[in-house]
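Trainee: Got a minute to go through this one with me? I'd like to start with a helix and then move on to the sheet.

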Amino acid sequence: MNPGDTFFGFDKRGHLWIVLTEENANGDVVVTNFTTHEVELRPNCSSGCFVVQPGEHPYPRHDSCIPFWGAMLTSRARLERGVIEGVYDLQAPLTPELLERIRMGALSSDAPEAVRAAIRHELR
């Protein structure tokens, strides 16, 4: 799994997940997901939220946001094993431009510090 790869199957709610970084020294990558952008129903998806609109990627059919507070580090080996075993379903990758925008959005977000540190390291 490489930065910009997207996949289903990481959670039970059907979100599309995104790999944001290369593997670090511990074998981990940063992942986050798309979710429906509904300010009224999701206060954590406020007007300052990072929004992806339809057409920026094949998946969103309506405004979607990235809930950076839920971004996490996970084992790249786990993800690759999940793809091989059919647990994770690969989808179209992000464009390099969208990947960069999402990474920059994560740096100024409420993502966990370990996530922001991994992204900062990636951008060096």
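Trainee: Which exposed residues does the face of α2 turned away from its buried side carry?

Mentor: Pro96 and Glu97. Keep in mind that this is a predicted model.

Trainee: And which residues of α2 are buried?

Mentor: Leu98, Leu99, Ile102, Arg103, Gly105 and Ala106. Looking down the axis of α2, these buried residues fall within an arc of 160°, so they line one face of the helix.

Trainee: What do they pack against?

Mentor: The buried residues of α2 pack against the strands β2, β5 (50–52) and β6 (64–66), and against helix α3.

Trainee: What span should α2 have at 1.5 Å a residue?

Mentor: Helix α2 covers residues 96–107, which is twelve residues, so the expected span is 16 Å. Its end C-alpha atoms lie 17 Å apart, which agrees.

Trainee: OK, the sheet. What is the strand order?

Mentor: β7-β3-β2-β1-β8, five strands in an open sheet with antiparallel pairing. β7 (72–75) and β8 (89–91) are at the edges with a single partner strand each, so one side of each has no neighbour in the sheet. From one strand to the next the twist averages 40°.

Trainee: Does anything sit on it? I mean, which strands does helix α3 touch?

Mentor: Helix α3 (residues 113–122) packs on the sheet and touches β3 (28–33) and β7. The direction of α3 makes about 70° with that of β7.

Trainee: Back to β3, then. How many of its residues are buried?

Mentor: Six of six, so to speak: β3 is mostly covered. Asp28, Val30 and Thr32 are buried on one side, and Val29, Val31 and Asn33 are buried on the other.

Trainee: Why two sets like that?

Mentor: In a regular strand, side chains alternate between the two faces of the sheet.

Trainee: How many bridges join β3 to β7?

Mentor: Four, and the two strands run antiparallel. Val29 is opposite Thr74 in β7.

Trainee: And how many join β2 to β3?

Mentor: Three, again with antiparallel strands. There, Trp17 stands opposite Asn33 in β3.

Trainee: Which leaves β1 and β2. How many bridges do they pair over?

Mentor: Two, between β1 (residues 6–8) and β2 (residues 17–19), in the antiparallel sense. The bridge partner of Thr6 in β2 is Ile18.

Trainee: What are the strands pairing through, in general?

Mentor: Backbone hydrogen bonds, in either a parallel or an antiparallel arrangement.

Key. Residues numbered from 1 in each chain as written. Predicted model: local features only at pLDDT ≥ 70, side-chain atom pairs only at ≥ 80, totals over all residues. Heavy atoms only, no water. Pairing = 2+ DSSP bridges. Axes fitted to C-alpha atoms, helices over the stretch in contact; angles between N-to-C directions. Contact = heavy atoms within 4.5 Å. Expected span 1.5 Å × (residues − 1). Buried < 20%, exposed > 50% of the residue type's maximum accessible area, 1.4 Å probe, protein only. Arc of directions from axis to C-beta.
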